[in-house]
Amino acid sequence: MLENYLPVLIFIAIGIAFGGFMILMGFLLGPRKPDSEKLSAYECGFEAFEDARMKFDVRYYLVAILFIIFDLEIAFLFPWAIVLRDIGMFGFMSMVLFLGILVIGFIYEWKKGALQWE
Amino acid sequence: MLVELIQSFFAGLGWPWGLPEWMQVGLVILAKIVVILVPLMVCVAYLTYAERKVIGFMQVRIGPNRVGFFGKQMWGLGQPIADAVKLMFKEIILPAGADKLLFLIAPVIAMAPALAAWAVIPFGSEMVLADVDASLLYVLAITSIGVYGIIIAGWASNSKYPFISAMRSAAQIVSYEIAMGFALVGVLMAAGSINLGDIVAAQQGGFWQWFWLPLLPLFVIYFISGVAETNRAPFDVAEGESEIVAGFHVEYSGMPFAVFFLAEYANMILISVLASLLFLGGWLSPLEGLLPESVFEITLLGSLLGPGLHWLVVKTLIFLFFYLWFRATFPRYRYDQIMRLGWKVFIPLTIVWILVVGVMIITGTPPWFDVA
Amino acid sequence: MSFEQIIFYIFSAILVAAAVGVITVRNPVHAALFLVMCFITTSALWLLLEAEFLAITLVLVYVGAVMVLFLFVVMMLDINIAKMREGFTGYLPLGALVAGGTIAVMWYVANNDYFNLTNMPPPERLAADASNTRMLGEQLYTTYVYPFEIAAVILLLAIVAAITLTLRHRTGTRYQKIDQQVRVKRDERVRMVKMESEERK
């Protein structure tokens, strides 16, 4: 199994090196004539009004938290999906119960309006 | 096939030249990676050309038609090369107040996963660089790293538009990743394997045996989620030029911008290849089961009609054309509509269909699941 | 030294360096990114232990999901670092106590006979076509069905907790009700008014 991952490792290394190389080429070939106007943050021609790091709606956190939970659910579903034929009815029902419990959570989210983007 | 060709080419040169074994192994792997990456880069370059041409024709324009080779115009075929060269000679602007290191790392983080995912993509029944068992899971995991490129770019620029865009697109990408994951669960169930090669092999038996038919809702959801994952129109609020100019790469110029561009198009091709592998039988021929067996044994015509890399390419091109078509046809979704579609439509639909597929497998519904 | 050992030491070195980075850099975003690096290298180490499914899931769940949330939080909260450093000396005794306790537990576990090499030998190399995911699946949904269902309950609890803690409805926002919009009939929107034609004055 491990030997199959050697090309993957090399591929990842090449992917990173390739991106780095392209940017390096850009630095070597392109001109560098910075001035303060050019380097200022782009805001459609205006001077920047305030700090760019602003406060964001708490809703983004909620999306991220719910995403973690559903991502875990998917992680549980993956091994189940490929062995479904071997574990038969019992395995199927155990996942039906698992999904059933989580669908309760999903309905709760829905009714509470957590999925509503205002 | 191509890989064996290259190996035999090196063997003809008197390979190995007395190198230590690990170096031989490394060089063979490197050669294979080059064989995958070079056509991929050419595809990316000409996808940008195809995009401009196709959308041009759809809007009754001609599209790029000036830059050619050898002093001829050649329908503008030289355009992507000229664009790449131009970007290479452009100044790289590092905005004041930016986190300079992260600003430059961000495009690399966006691109490396988009390329590394190709390590496990099979191009034929034996044509795969790394035949890892959990290859689909690997693709899902490595592409989920790509979102960091966008988040870091938005944060490191120290500018408002990129930051807004980064937050929006991160929330969008993670939302659609769930729908995509659930759709993939259906494929895994139908195939009974998590290996991409085995998933294609499970679709043997002609056009009506491919997974697009029993998994039709998941197929549609997968591809739409794929469009949303790659931040393409009509889900391109991350770039939304009418409100936040160009989104997370407002402050990028020259080569770092080109790298972001490359990552986006490499991801588009990746999603298209995966869609053809998972739902349209990959390299399998649609004529299988329709034509008599003897047809496939004819020397040249048989191999053309039979399974092969060319079918995978054709199917991928169909999905890529859909990408371009969507962009020309649909107006941009509003952000609340995007979130509604992902959470309130796709997730319930996929959960229901997973249960339907489960029942079909347990009861052995013909014609797809009757063989245990 | 075998090739796997070289890979192991390289990834371990990156892991330790990144872990040191997490607690030493001043910028919280940089710290979070170092933590991402930790997870990726840990995943490589798990892979070396033949735990293919768990290794990839670690990247999928922790890097792809949990750390995105962390980054959201540290990027948007605008943490004032100078303020956070004020109480440092005050918390030092408590922190030292916790750190000491953790080190003691780790020492105990690492020196315990239960975890020595005879009781816990390095995992056997799996064959090239062995499916780690399949082995896991065959056990998880039948033999370990109770822990599996308990996991579902814990996830349900997490959903409820997340919503009660973070969901705040804004007052006065109006949004599109698409289902009602689609279901609307012509008669509900259009009123035909009969009018006699009038002569122009």
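How many residues of chain A are in contact with chain B, and how many of chain B with chain A? I looked this up before anything else. The model is predicted, and I kept that in mind throughout.

**Entry 1: chain A against chain B**

I found 53 residues of chain A in contact with 61 residues of chain B. On the chain A side, H1, H2 and H3 of chain A each give two or more residues. H1(A) gives the most to this side, with 20 residues. I then sorted the chain A side by class and got 39 nonpolar, seven polar and seven charged residues.

**Entry 2: chain A against chain C**

Which element of chain A gives the most to the side that touches chain C? I began with the totals: the contact takes 47 residues from chain A and 49 residues from chain C. Helix H1 (2-29) and helix H3 (59-112) of chain A each supply at least two residues of the side of chain A that touches chain C. H3(A) gives the most there, with 34 residues. By class, I noted 32 nonpolar, six polar and nine charged residues on this side of chain A.

**Entry 3: chain A on its own**

I counted three helices and zero strands in chain A, so the order from the N terminus is simply α-α-α. Of the 118 residues in chain A, 42% are buried. For confidence, I noted an average pLDDT of 81 for chain A, with 82% of the residues at 70 or above. Among the elements of chain A, helix H2 (residues 36-39) has the lowest mean pLDDT, 70, and H3(A) has the highest, 87.

**Entry 4: H1 of chain A**

I checked the length of H1(A) against its residue count. Its 28 residues should span 40 Å at 1.5 Å a residue, and the end C-alpha atoms are 41 Å apart, so the two values agree. Next I listed the buried residues of H1(A), which include Tyr5(A), Pro7(A), Phe11(A), Met22(A) and three glycines, Gly15(A), Gly19(A) and Gly26(A). What covers the buried residues of H1(A)? Among the covering elements I found H2, H3, helix H4 (100-116) and helix H11 (254-279) of chain B, together with H2 of chain C.

**Entry 5: H3 of chain A**

How far apart are the end C-alpha atoms of H3(A)? They are only 13 Å apart, although H3(A) has 54 residues and a straight helix would reach 80 Å at 1.5 Å a residue. I looked along H3(A) for a bend and noted a kink of about 130°, centred on Ile87(A). Just after H3(A) comes Gly113(A), with a positive phi near 85°.

**Entry 6: chain B**

I counted 14 helices and zero strands in chain B. The radius of gyration of chain B is 22 Å, close to the 21 Å that the globule rule gives for 372 residues, so chain B is as compact as a globular protein of that length. Along its principal axes, the C-alpha trace of chain B spans about 65 × 60 × 50 Å. I noted that 52% of the 372 residues of chain B count as buried. Among the contacts in chain B with a separation of 6 or more, 76% are between residues 24 or more positions apart.

For one residue pair I went to Ile105(B), which is in helix H4 of chain B. Is Ile105(B) buried or exposed? Ile105(B) counts as buried, because it has 22 C-beta neighbours inside 10 Å and the cut-off for buried is 20 or more. Ile105(B) and Ala153(B) are 48 residues apart in sequence, and their C-alpha atoms are 8.4 Å apart in space.

**Entry 7: positive phi outside glycine**

I noted two residues under this heading, starting with Val60(B). Val60(B) is not a glycine, yet its phi is positive, about 55°. Val60(B) is in the loop between helix H2 (21-58) and helix H3 (79-88) of chain B. Val60(B) counts as exposed because it has 6 C-beta neighbours inside 10 Å.

I then turned to Glu50(C), whose phi is near 70°, also a positive value in a residue other than glycine. Where is Glu50(C)? Glu50(C) is in the loop between helix H2 (28-48) and helix H3 (52-76) of chain C. With 17 C-beta neighbours inside 10 Å, Glu50(C) counts as partly exposed.

Methods: Residues numbered from 1 in each chain as written. Chains lettered and ligands numbered in written order. Predicted model: local features only at pLDDT ≥ 70, side-chain atom pairs only at ≥ 80, totals over all residues. Contact = placed C-beta atoms within 7 Å. Helix = DSSP H or I, 4+ residues; strand = E, 2+ residues; numbered from the N terminus. Nonpolar A, V, L, I, M, F, W, Y, C, P; charged D, E, K, R; others polar. pLDDT = per-residue confidence, 0-100. Buried ≥ 20, exposed ≤ 12 C-beta atoms within 10 Å, placed from the backbone. Rg over C-alpha atoms; globule rule 2.2 N^0.38 Å. Expected span 1.5 Å × (residues − 1). Bend = angle between axes of the 7 residues up to and from the residue.
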